[in-house]
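Please open the model in your viewer and keep the sequence panel at hand, since this tour moves from one selection to the next. Showing side chains as sticks will help at each stop.

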Amino acid sequence: MQAVSEMMQPAWRCVPQALRNMPALAELLAFARDPADALARAFCAALARFHCYAGTLTPPLGASSEEFRAALDYFLPGVLARFTLGDAAAGPVPGSEFDADEYHDLLALLEDHRADTSPETKWLARIIAMCCMGEHHLWEDMGLAHRGELSLLIAGGFPALAAKNTNDMRWKKFFYKQLCDREGLNLCRAPICTECVDYAKCFGPETPDTAAWSRRESP
Ligand code: SF4
């Protein structure tokens, strides 16, 4: 018998190796209205990790049940025939490494830079803020095929913020650096990046082979 993931091409082909052990992601992707849509894949990846358990999908922090149901209908029509809609107060998967304070800080940063007031940019902000809690490169934790897909989403959804990343810093590092700047904090280990021992962590290539870095390392 074919595995669910094998039957639902092409979405699964785009999923990075780092997330291929997530059965919930395969199940959610099977409902995608447009499997080629990077935002839909990222929506599935964020839900699979943080808001899908015991056959229930729970609304991300800050989203009402009605808003979440509308997003499910839009991105994953029919998914509520397979999963139950959970309560908005349920929160992320128990035991997951989800830091609500960090999530809200990241969300505020992104929402302040939305290109428009569309549901797409609202959900993209939530998805990015959620997936920053992952342990891989951000593009991997968002279930995207490569960093270029993430850069396109950020440039489209938050152009003013993307324009600040003039030296092409890794996106997750860039967002946390922006939060530090907002708070007037300087956690850097050198006055300028080119003299910093952490240069490779902030600006190194984001290939799957170098994915084992953590957001909890120094910024
Ligand atoms: S390379 Fe060093 S100085 Fe530059 S942002 Fe990263 S930690 Fe800060």
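The stops below go through charged pairs, then aromatic rings, and then charges placed over rings.

Keep in mind throughout that this is a predicted model. A search of the whole structure finds 12 salt bridges, and the tour visits some of them.

Begin by selecting glutamate 27 and arginine 82, whose side chains meet in a salt bridge with an N to O distance of 2.6 Å. Glutamate 27 belongs to helix α3 (residues 23-29), while arginine 82 is in the loop between α5 (65-75) and β3 (84-85), so this contact ties together parts that are 55 residues apart in sequence. With the surface switched on, glutamate 27 should appear as partly exposed, at a relative accessible area of 25%, and arginine 82 is likewise partly exposed, at 38%.

Keep arginine 82 selected and add phenylalanine 83: the charged end of arginine 82 sits over the ring of phenylalanine 83, 4.4 Å from the ring centre.

Next, select glutamate 135 and arginine 49, which form a salt bridge whose closest N and O atoms are 2.6 Å apart. This pair links distant parts of the chain, with glutamate 135 in the loop between α7 (119-131) and α8 (138-141) and arginine 49 in helix α4 (residues 38-50), 86 residues apart. Glutamate 135 counts as partly exposed, at 43% relative accessibility.

Move on to glutamate 67 and lysine 122, a salt bridge in which the closest N and O atoms lie 3.7 Å apart. Because glutamate 67 lies in helix α5 and lysine 122 in helix α7, the pair ties together parts that are 55 residues apart in sequence. Both partners are partly exposed, glutamate 67 at 23% relative accessibility and lysine 122 at 27%. Before leaving the charged pairs, add Asp141 to the earlier selection, as Arg49, Glu135 and Asp141 are joined into one network by salt bridges that share partners.

Now turn to the aromatic side chains, among which the count comes to 10 pairs. Select phenylalanine 43 and tryptophan 123: their ring centres are 5.5 Å apart and their planes stand at 90 degrees, so the pair is edge-to-face. Phenylalanine 43 is in helix α4 and tryptophan 123 in helix α7, so these rings tie together parts that are 80 residues apart in sequence. Phenylalanine 43 is buried, at 1% relative accessibility, and tryptophan 123 is also buried, at 4%.

Widen the selection to Phe43, Phe68, Tyr74, Phe75 and Trp123, which ring pairs link into a cluster. Finally, add arginine 126, which lies over the face of tryptophan 123 at 4.6 Å from the ring centre.

Note on methods. Residues numbered from 1 in each chain as written. Predicted model: local features only at pLDDT ≥ 70, side-chain atom pairs only at ≥ 80, totals over all residues. Heavy atoms only, no water. Salt bridge = Lys/Arg side-chain N within 4 Å of Asp/Glu carboxyl O. Helix = DSSP H or I, 4+ residues; strand = E, 2+ residues; numbered from the N terminus. Buried < 20%, exposed > 50% of the residue type's maximum accessible area, 1.4 Å probe, protein only. Phe/Tyr/Trp six-rings, centres within 6.5 Å; stacked < 30°, edge-to-face > 60°. Lys NZ or Arg CZ within 6 Å of the ring centre and 35° of its normal.
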